[in-house]
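Me: I should like to study this structure by question and answer, in formal terms suited to a first-year course. Shall we begin with the charged side chains and then turn to the loops?

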Amino acid sequence: MELIKKYFPQLSEEQLRQLDELDYLYREWNEKINVISRKDIDSLYLHHVLHSMAIGLMVSFRPGTRILDLGTGGGFPGIPLAILFPECQFKLIDGTGKKIRVAQEVATAIGLKNCRLVQLRGEDEKEKFDFVVSRAVMPLPDLVKIVRKNISRVQKNAYPNGIFCLKGGDVQAETAPFRHIVETRHLSEWFQEEWFREKHCIYLPL
């Protein structure tokens with residue numbers, strides 16, 4: 001939690017409470033349904049929560065923005081972002097029911113009112129959103145093919161509607177087809193921790 005306060009000093013008491021409860025809840029649920037690797041649970045805030053919230057340093061979603069988290073797994077990046085942007089509406093989808101169950105239980109336990117969780121494949125999602133967020137779910141060209149149909153034409157934000165995704169390692173091959181319009185930011189621009197050195201946030205307008 002100290003990491004969160006370090007980089008997001010503007011958070012309200014309610015937001016801090018919700019974020020603080022994630023540790024206990026994910027530990028409890030991970031004992032029943034493994035959604036975070038056993039060795040990784042001790043780094044929940046660094047590897048999962050803060051990593052997810054990095055999108056919120058690249059873009060500040062305006063109130064009323066609708067965001068789809070495709071392939072949310074146990075709720076990342078969607079749950080931390082829904083906490084960070086309480087006036088936005090989030091839909092978190094994943095094809096694996098047990099992962100959605102964990103994310104739903106966590107969201108309910110912390111009183112998160114602005115996100116819906118649905119077991120659904122991206123190919124079957126029919127709704128329109130301002131943005132799609134994801135965390136290393138699939139290669140960027142594949143993601144674009146699936147979610148292009150879901151991007152609304154009505155613009156509300158400083159960034160045109162599109163995709164924000166979190167990726168690790170060398171992303172040049174994935175971004176090459178979109179090189180004229182893609183924006184890639186190294187997370188080490190914002191975070192000092194060594195773990196973020198090879199991590200990126202990629203924005204692609206659609």
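Me: How many residues apart in helix α2 are E21 and R17?
Reply: The model is predicted: local features need pLDDT of at least 70, side-chain atom pairs count only at pLDDT 80 or more, and totals for chains, interfaces and linings use all residues. Residues are numbered from 1 along each chain as its sequence is written, and side-chain values use heavy atoms, with hydrogens and water left out. E21 and R17 form a salt bridge with the closest N and O atoms 2.9 Å apart, a salt bridge being a side-chain nitrogen of Lys or Arg within 4 Å of a carboxyl oxygen of Asp or Glu. They are about one helical turn apart in helix α2 because their separation in residues is four.

Me: Is R17 buried, partly exposed or exposed?
Reply: The terms rest on relative accessible area, found with a 1.4 Å probe on protein chains only: buried is under 20%, exposed is over 50%, and partly exposed lies in between. E21, the partner of R17, has 27% and is partly exposed. R17 has a relative accessible area of 30%, so it is partly exposed.

Me: Which residue forms a salt bridge with K5?
Reply: K5 lies in helix α1 (residues 2–7), three residues from its partner, so the two are separated by about one helical turn. The closest N and O atoms of the pair are 3.8 Å apart. K5 is partly exposed at 39%, whereas the partner is exposed at 57%. That partner is E2.

Me: How many salt bridges are found in the whole structure?
Reply: One of the salt bridges joins R185 and E189, at 2.9 Å from N to O. Salt bridges that share partners also join R66, K91, R116, E125 and E127 into one network. The search of the whole structure gives a total of 17.

Me: At what angle do α2 and α6 pack?
Reply: Two packed helices are described by the angle between their axes and the distance between the axes. Axes are lines fitted to C-alpha atoms, for helices over the stretch in contact, and angles run from 0 to 180 degrees between N-to-C directions. In α2, E21, L22, L25, Y26 and W29 meet R101, V102, E105, V106 and A109 in α6, where contact means heavy atoms within 4.5 Å. The axes of α2 and helix α6 (residues 97–109) are 10 Å apart, and the angle is about 145°.

Me: Which side chain of opposite charge is nearest to D40?
Reply: D40 lies in the loop between α2 (13–32) and α3 (44–53); helices are DSSP runs of H or I with at least four residues, strands are runs of E with at least two, and both are numbered from the N terminus. The D40 side chain makes a polar contact with that of H47 at 2.6 Å; such a contact is a pair of N or O atoms within 3.5 Å, where within protein one must be able to donate a hydrogen and the other to accept it, and residues adjacent in sequence count only if both atoms are side-chain atoms. For charge, Lys and Arg count as positive and Asp and Glu as negative, while His and the chain ends are not counted. D40 is buried yet has no salt bridge, and the nearest side chain of opposite charge, 6.5 Å away, is that of R135.

Me: Which residue's backbone oxygen lies 2.6 Å from a polar atom of the T65 side chain?
Reply: T65 is in the loop between α4 (55–58) and β1, and it counts as buried because its relative accessibility is 0%. Leaving out residues up to four places away in sequence, T65 touches C88, Q89, D130, F131 and N157. The backbone oxygen at 2.6 Å from the T65 side chain belongs to R62.

Me: What distance separates the C-alpha atoms of G64 and Q89?
Reply: G64 also lies in the loop between α4 and β1, and it is partly exposed at 32% relative accessibility. G64 and Q89 are 25 residues apart along the chain, but their C-alpha atoms are separated by 6.6 Å.

Me: Which residue is joined to F76 by a cis peptide bond?
Reply: The partner of F76 lies in the loop between β1 (66–70) and α5 (78–84). Omega for the bond is about 10°, and the residue joined to F76 is P77.
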